[in-house]
Amino acid sequence: MSGQVYVISHPLVQHKLTLMRSKETSTGTFRTLLREISMLLGYEVCRDLPVTMVDIETPICATKAPMLDGKKVVVISILRAGGGILDGMLEILPSARIGHIGLYRDPKTLVAVEYYFKVPDSMTDRDCIVVDPMLATGNSAIAAVDRIKETSPRSIKFVCLLTCPEGIKAFHAHHPDVAIYTAAIDDRLNEKSYIVPGLGDAGDRLFGTK
Ligand code: URA
């Protein structure tokens, strides 16, 4: 089974992404743009959420109208840069439940090691959106989804801002059932595992740490 990749080519997404790529863009503007873009990506990710008809009364009459069905969606942020996408997602899913997963790369083995994991107690029957701006080598995303699958959610989708062929290939080799939503697929990874042309270190640009 080969995994699905959705590239959100909407002109507003592409315009904002170009501004984010520019090295001249300030930390504050980068943060604002990531929140705005994440709302637009979130809109696409939620496109096939199930709805159910409920009874309501408008000021005019009683009627039936659609509402999101089932338990609240969970958005899981991969620390630390995932927080930038999480903020935008919460603008359109204000009642979503939130999870966090922290991973670091062991400098010797290069394996992703978990240092933090907190998700809602009951994950079964929940739709889960995992967020991290850069799907580069795929190592963190693979490890995060491995761990999330242990909690048996109803579905998992992965949202990033940028990815590359290497990241998609690695991720879908492990998780062909998890669709990727992204604003762009860039050319390649460089020798330091940065996406090219990319936008640099998403965490540093978001938090102003460099
Ligand atoms: N993480 C980043 O922040 N940027 C990249 O280009 C790759 C991974």
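Is S193 buried, exposed or partly exposed? S193 counts as partly exposed, because its relative accessibility is 27% and partly exposed covers values from 20% to 50%. The close-ups below come from a predicted model.

**View 1. S193 sits in a loop and takes part in the ligand shell.** The loop with S193 runs between β13 (188–189) and β14. S193 is not a glycine, yet its phi is positive, at about 65°. S193 is also one of the residues that surround the ligand.

**View 2. Eight named residues surround the ligand: M134, A136, S193, Y194, I195, G200, D201 and A202.** Sorted by class, this shell has 5 nonpolar, 2 polar and 1 charged residues. The ligand sits in the largest pocket.

**View 3. Backbone atoms of I195, G200 and A202 approach the ligand.** A polar backbone atom of I195 lies 2.8 Å from an oxygen atom of the ligand. At G200, a polar backbone atom is 2.8 Å from a nitrogen atom of the ligand. At A202, a backbone N or O atom is 2.7 Å from a ligand oxygen atom. Taken alone, the ligand exposes 240 Å², and the protein buries 83% of that.

**View 4. V196 and P197 are joined by a cis peptide bond.** Omega is about 0° here. P197 belongs to the loop between β14 (195–196) and α6 (202–207).

**View 5. A cis peptide bond also links L79 and R80.** Its omega is about 0°. R80 lies in the loop that runs between β4 (74–78) and α3 (82–92).

**View 6. S152 is a non-glycine residue with a positive phi.** The angle is about 55°. S152 is found in the loop between α4 (139–149) and β9 (155–159). Its relative accessibility is 41%, so S152 counts as partly exposed.

**View 7. H172 is a buried residue of helix α5.** The helix spans residues 165–174. H172 has a relative accessible area of 10%. That value is under 20%, so H172 counts as buried. The side chain of H172 reaches the backbone oxygen of V178 at 2.7 Å.

**View 8. C61 lies in a loop, far along the sequence from L135: 74 residues.** The loop with C61 connects β2 (51–57) and β3 (62–68). C61 counts as partly exposed, because its relative accessibility is 42%. In space, C61 and L135 are 49 Å apart, C-alpha to C-alpha.

Methods:
Residues are numbered from 1 along each chain as its sequence is written. This is a predicted model: local features need pLDDT of at least 70, side-chain atom pairs count only at pLDDT 80 or more; totals for chains, interfaces and linings use all residues. Side-chain values use heavy atoms; hydrogens and water are left out. A residue is near a molecule or strand if one of its heavy atoms lies within 4 Å of it. A polar contact is a pair of N or O atoms within 3.5 Å; within protein, one must be able to donate a hydrogen and the other to accept it, and residues adjacent in sequence count only if both atoms are side-chain atoms. Accessible areas come from the Shrake-Rupley method with a 1.4 Å probe; for residues, only the protein chains shown count as cover. On a 1 Å grid over the protein atoms alone, a cavity is a set of points where a 1.4 Å probe fits but cannot get out, and a pocket is an open set with protein on both sides within 12 Å along at least five of seven lines; lining residues have an atom within 4 Å of a point. A molecule sits in a cavity or pocket if more than half of its atoms lie within 2 Å of its grid points. Ala, Val, Leu, Ile, Met, Phe, Trp, Tyr, Cys and Pro count as nonpolar, Asp, Glu, Lys and Arg as charged, and the others, Gly among them, as polar. Helices (H or I, at least four residues) and strands (E, at least two) are DSSP runs, numbered from the N terminus. Buried means under 20% relative accessible area, exposed over 50%, partly exposed in between (1.4 Å probe, protein chains only).
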